[in-house]
Structures are given as C-alpha cells and as structure tokens.
Amino acid sequence: MERNFILLGTGAGPGLPSFFCDCVACQEARNNPRLSRTRSGAFVGDENKKILIDASPDLRSQLIREKISEIDCMFLTHWHYDHFGGLGEIEYFVKLKRRRPILAYLPPSAVQEFEDAFPNLADVLEVKPWEFERQYHLGGFRLTPLPANHGIETAGFLVESELTRIAYFPDTAGLPEATGRNVYEVDWLICDATFHGENWFPHSHMSIEQAIDLGRSTQAQKTVLTHLAIHYSQPVTESQLTEKVARFGNVIVAYDGMRIKF
Ligand SMILES: [Zn+2]
Ligand SMILES: [Zn+2]
Ligand SMILES: [Zn+2]
C-alpha cells in the first residue's frame with residue numbers, strides 16, 4: 001500500500017443529501033449518489049501505519065467503501081457529534097479481530113466527555129489526550145495537532161512526510177496566527193468551507209470564499225474545500241460550485257474518497 005491521505009467524508013454535520021431537505025443540492029445528490037457527502041473524516045496510511053482521523057457517524061460505510069480493514073491508532077479533531085458519532089463502530093473490530101485496544105488521541109477537554117458518553121468502549125479504546133504542537137511520529141510520517149478556531153477546543157492536523165505537507169482543518173474559522181505560520185506554504189490545505197453564501201457561524205466555520213482566501217493567505221500550493229454543507233445559506237449544485245472555483249487554478253472541491261499520495 002502506498003502512502004495515502006484519504007478523505008473518508010467531506011460533508012458538514014447534516015450530510016448531503018440531508019434526510020429533511022429537498023433543496024436543489026439534496027435533489028441532485030439523491031439522483032446521483034456519487035455526489036453525496038458523508039460526514040467529515042480522514043484516513044492516513046501506508047504499509048506500516050493506519051491512522052483514523054475522526055470517527056464520523058458514517059464511519060462504517062466509509063471504511064467499507066475504501067476497503068480499509070485495519071486501524072492502528074486514532075486522532076480526533078474535536079468533540080462534536082459529526083466527528084465522534086461513529087466511535088461505537090470500532091467495538092466489533094477490536095473485540096472480534098484486533099483483540100487489543102486502539103490508542104485514541106482526543107482533545108484534553110474531551111477525555112471526560114468520552115468516558116461519560118461511551119462507558120461501553122472502556123476496553124476498546126485506550127484514550128490519551130493529544131498535545132498541541134507535539135509531533136507524533138507514525139512510521140514514515142508525522143502528525144502535529146495545531147489549534148483551530150471553532151468555539152471549543154479543536155485541532156487541525158499537520159501531516160508530513162519527507163516530501164509533502166498536508167494541513168487538515170475540517171472545522172475552523174480562519175486560523176490562529178501561530179497555526180497560520182506553522183502551515184505556511186503547505187502543499188495541501190484541506191479546510192472548512194461549510195457555507196455557500198452567508199456564513200451563519202463566522203466564529204466557528206468558513207464560507208467557500210473565506211476558505212479560498214485562507215488558502216491564498218497561507219500560500220498553500222493547493223486548497224481543498226471540505227466539510228461542505230452545500231445547502232446553506234444558498235444551495236449550490238456540483239456543477240455550479242465546480243465552475244465557481246475553476247477560476248482559482250489551485251482550488252479543488254473535495255469529494256468522498258479523494259486520495260492524496262504523499
Ligand atoms: Zn439540501
Ligand atoms: Zn465542529
Ligand atoms: Zn464538523
């Protein structure tokens with residue numbers, strides 16, 4: 001297995017389509033499931049190390065789709081349902097196949113919340129708090145949690161090999177100054193682009209335009225828009241969105257299953 005960064009899901013909290021929504025974007029995704037978006041998460045792996053970033057409520061279908069059958073370790077960006085709701089999916093893998101707990105790095109402030117919410121996973125996950133700006137060496141690559149702006153304690157992850165730097169910030173409103181310096185000139189900035197049109201939560205998320213601006217200010221080689229709601233505040237179809245970002249040569253609209261070799 002070559003080393004890949006895989007976007008397991010690229011949708012915001014409601015997913016696309018949303019079961020309760022009938023906007024043009026949801027209609028389009030219902031008619032063409034290839035355009036649907038599961039909740040956001042990622043997988044980083046090679047022959048030796050297989051790391052899960054976040055556990056979306058869609059985790060089971062994501063792992064099946066990407067033919068991922070092993071996980072060595074997990075990192076969570078933050079304690080919001082769309083990023084931890086799939087933790088329970090790990091139970092049977094650990095109990096029936098792996099037979100020893102998985103090391104799970106959580107935001108320090110989320111450790112107690114995990115213990116309160118998932119007492120049944122006490123012998124499934126060995127939970128540890130991650131530390132901001134500490135480099136975790138994982139086989140041939142390293143991962144560094146960096147502070148994001150999201151209302152609660154939230155990290156984005158800088159994932160680096162010898163050749164490539166990837167910054168993954170699915171939930172953030174801009175970046176704290178120090179984080180901006182740490183991700184300056186990354187090869188890939190994969191970031192929050194939740195809103196199309198008005199940004200209802202300007203202190204927690206970005207709009208598509210703001211995400212593109214962040215890519216420009218950090219001088220990212222490529223900016224990948226993820227955590228897309230697509231229906232808020234103005235619903236947008238895939239072709240409209242692709243056309244809109246096409247004029248920025250280095251901006252890509254993420255899709256479920258997108259892979260970056262690094
Ligand atoms: Zn919709
Ligand atoms: Zn969030
Ligand atoms: Zn989220």
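Author: A residue is called buried if 20 or more other C-beta atoms lie within 10 Å of its own, and exposed if 12 or fewer do. By that rule, buried residues make up 45% of the 262 residues in the chain of this predicted model.

Reader: What makes lysine 67 count as exposed?

Author: Lysine 67 has 6 C-beta neighbours inside 10 Å, and because the cut-off for an exposed residue is 12 or fewer, lysine 67 counts as exposed. Its place is in the loop between helix 2 (59–65) and strand 4 (73–75), and it has a positive phi of about 55 degrees although it is not a glycine.

Reader: How do you know whether arginine 99 is buried or exposed?

Author: The same kind of count is used, and with 8 other C-beta atoms within 10 Å, arginine 99 is exposed, since 12 or fewer is what the definition asks for. Arginine 99 sits in the loop between helix 4 (91–98) and strand 5 (102–106), where its phi is positive, about 65 degrees, although it is not a glycine. Such values deserve a remark because most residues other than glycine have a negative phi.

Reader: Why is strand 8 described as largely enclosed by the rest of the structure?

Author: Strand 8 covers residues 141–147, and five of its seven residues are buried, so the strand is largely enclosed by the rest of the structure.

Reader: How do you know that strand 8 pairs with strand 7 and with strand 9?

Author: Two strands are said to pair if at least two bridges are found between them. Three bridges join strand 7 (residues 136–138) to strand 8, and six bridges join strand 8 to strand 9 (residues 155–160), so both cases satisfy the definition. Strands 7 and 8 run antiparallel, as do strands 8 and 9. On one side, phenylalanine 141 of strand 8 is the bridge partner of leucine 138; on the other, leucine 143 has valine 159 of strand 9 as its bridge partner. Between strand 7 and strand 8 the hairpin has two residues, and in this hairpin glycine 139 takes a positive phi near 65 degrees.

Reader: Which strands make up the sheet, and what makes strand 7 and strand 13 its edge strands?

Author: Seven strands form an open sheet in the order 7-8-9-10-11-12-13, with mixed pairing. Strand 7 and strand 13 (251–253) are the edge strands, as each pairs on one side only. Within the sheet, strand 9 and strand 10 (residues 165–169) pair in the antiparallel sense over four bridges, and valine 159 has isoleucine 166 of strand 10 as its bridge partner.

Reader: Where are the cis peptide bonds, and how do you know that they are cis?

Author: A cis bond joins leucine 16 and proline 17, with omega about -5 degrees, and another runs from tyrosine 232 to serine 233, with omega near -10 degrees. Proline 17 is found in the loop between strand 1 (4–9) and helix 1 (24–31), while serine 233 lies in the loop between strand 12 (222–226) and helix 8 (238–246). They are worth noting because most peptide bonds are trans.

Reader: Why does the radius of gyration of the chain agree with a compact globule?

Author: For 262 residues a compact globule would have a radius of gyration near 18 Å, and the chain has 17 Å, so the two agree. Along its principal axes the C-alpha trace spans about 50 × 40 × 35 Å.

Conventions. Residues numbered from 1 in each chain as written. Chains lettered and ligands numbered in written order. Predicted model: local features only at pLDDT ≥ 70, side-chain atom pairs only at ≥ 80, totals over all residues. Rg over C-alpha atoms; globule rule 2.2 N^0.38 Å.
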